[in-house]
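Open the model in your viewer and keep the sequence panel beside it. This tour moves from one selection to the next.

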Amino acid sequence: MDKRDAKVGNYTCEVTELTREGETVIELKYRVVSWFSPNENILVVIFPILAILLFWGQFGILTLKYKSNCTNKKIILLLIAGLLLTTIVIVGAILFVPGEYSVKNASGLGFIVISTGILILLQYNVFMTAFGMTSFTIAILITQVLGYVLAVVGLCLCIMACIPVHGPLLISGLGIIALAELLGLVYMKFVASNQRTIQAPRSN
């Protein structure tokens, strides 16, 4: 029954159990219940924002270490993509306000989760621009892809239900994405600290 058709008040229901019949009175109430718990609301927003901040940390290291024209073009593209991602996540966080399930909340959550996939491409390009692919960077990217898959699956399961029982799955996916960004930042900092000057690869 649509809640617009359900009027608040007392309803008399006829009950039939085996060969017995009777009536019972049921009181229909309406109260607003938050789609996610307060802690889940905070984590859903915090993890993507943290991941974006960690990406900007990687971007800062990349910017300070490279000066060639070829790399400058890549840095500009990364800057534009990073700004676009940041804007989408902020808009999603604004739409994903605490409250009952609604199309606006679901849209905000979708913006937040789906847009985090851009972080995978950004981190891949940062690694390729800085020092190429290594076994550790490949492991970081695989971890990030795994986190994104979990987050998207959790998103689909949460949107299909008024009560998001699979919220922890979605949040764990976002947390793994943030962890992968942290590992990427630490690895970039470690590699940069072991090299006085990182030269961009020359094109033939």
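In which helix is the place of Met 188? Select Met 188 and look: the helix is H6, residues 167-193. Bear in mind that this is a predicted model.

**Stop 1: Met 188**

Is Met 188 buried or exposed? Its relative accessibility is 3%, and the cut-off for buried is under 20%, so Met 188 counts as buried. Now show the surroundings of Met 188. Leaving aside neighbours within four places in sequence, Met 188 is in contact with Gln 58, Ile 61 and Leu 62. The list of contacts of Met 188 goes on with Val 126, Phe 127, Ala 130 and Phe 131. Pick Phe 131 from that set. Met 188 and Phe 131 are separated by 57 residues in sequence, yet their C-alpha atoms are 8.9 Å apart.

**Stop 2: the whole chain**

Zoom out and colour by secondary structure. The chain has 6 helices and 2 strands. Starting from the N terminus, the order of elements is β-β-α-α-α-α-α-α. Colour by accessibility next: of the 204 residues, 35% count as buried. Take the contacts between residues at least 6 apart in sequence: 65% of them join residues at least 24 apart.

**Stop 3: the strands**

Select residues 9-17 for strand S1, then residues 20-28 for strand S2. In which sense do S1 and S2 pair? The pairing is antiparallel, over 9 bridges. S1 and S2 form a hairpin, with 2 residues between them. Click on Leu 18 in the turn: its phi is positive, about 55°.

Next, check the partners across the hairpin. Glu 17 has Arg 20 in S2 as its bridge partner. Further along, Glu 14 stands opposite Glu 23 in S2. Then show the surface over S2. This strand is hardly covered: of its 9 residues, the count of buried ones is 0.

**Stop 4: helix H1**

Select residues 38-65, which make up helix H1. Start with Glu 40, whose place is in H1. Is Glu 40 buried or exposed? Glu 40 has a relative accessible area of 18% and is buried. Not counting residues up to four places away in sequence, Glu 40 touches Gly 167, Pro 168 and Ile 171.

Move along H1 to Val 45, which also lies in this helix. Beyond its neighbours within four places in sequence, Val 45 is in contact with Ala 93 and Phe 96. Add Gly 92 to the selection. Val 45 and Gly 92 are 47 residues apart in sequence, and 8.8 Å separates their C-alpha atoms.

**Stop 5: H3 and H4**

Select residues 103-115 for helix H3 and residues 117-130 for helix H4. Their axes come within 4 Å and cross at roughly 20°. H3 and H4 are therefore roughly parallel to each other. Which residues meet here? On the H3 side they are Val 113, Ile 114 and Ser 115. On the H4 side they are Gly 117, Ile 118 and Leu 119. The residues of this contact divide into 4 nonpolar, 2 polar and no charged.

**Stop 6: H4 and H5**

Keep H4 and add helix H5, residues 135-159. The axes of H4 and H5 come within 9 Å and cross at roughly 175°. That angle makes H4 roughly antiparallel to H5. Show the side chains at the contact. H4 supplies Gly 117, Leu 119, Ile 120, Gln 123, Tyr 124 and Phe 127. H5 supplies Thr 137, Ile 140, Leu 141, Gln 144, Val 145 and Tyr 148. By class, the contact of H4 with H5 has 8 nonpolar, 4 polar and no charged residues.

**Stop 7: the UniProt spans**

Finally, bring in the record. The unreviewed UniProt entry lists residues 42-64, 76-97, 109-127, 139-163 and 169-188 under "transmembrane region". Select residues 42-64: the chain there is 100% helix and 0% strand. The end C-alpha atoms of residues 42-64 are 33 Å apart. Then select residues 109-127, a span of 95% helix and 0% strand. Here the end C-alpha atoms lie 28 Å apart.

Definitions and conventions. Residues numbered from 1 in each chain as written. Predicted model: local features only at pLDDT ≥ 70, side-chain atom pairs only at ≥ 80, totals over all residues. Heavy atoms only, no water. Buried < 20%, exposed > 50% of the residue type's maximum accessible area, 1.4 Å probe, protein only. Pairing = 2+ DSSP bridges. Axes fitted to C-alpha atoms, helices over the stretch in contact; angles between N-to-C directions. Parallel < 35°, antiparallel > 145°, perpendicular 65-115°, else oblique. Contact = heavy atoms within 4.5 Å. Nonpolar A, V, L, I, M, F, W, Y, C, P; charged D, E, K, R; others polar. UniProt positions renumbered as here; feature names shortened; annotations may be inferred.
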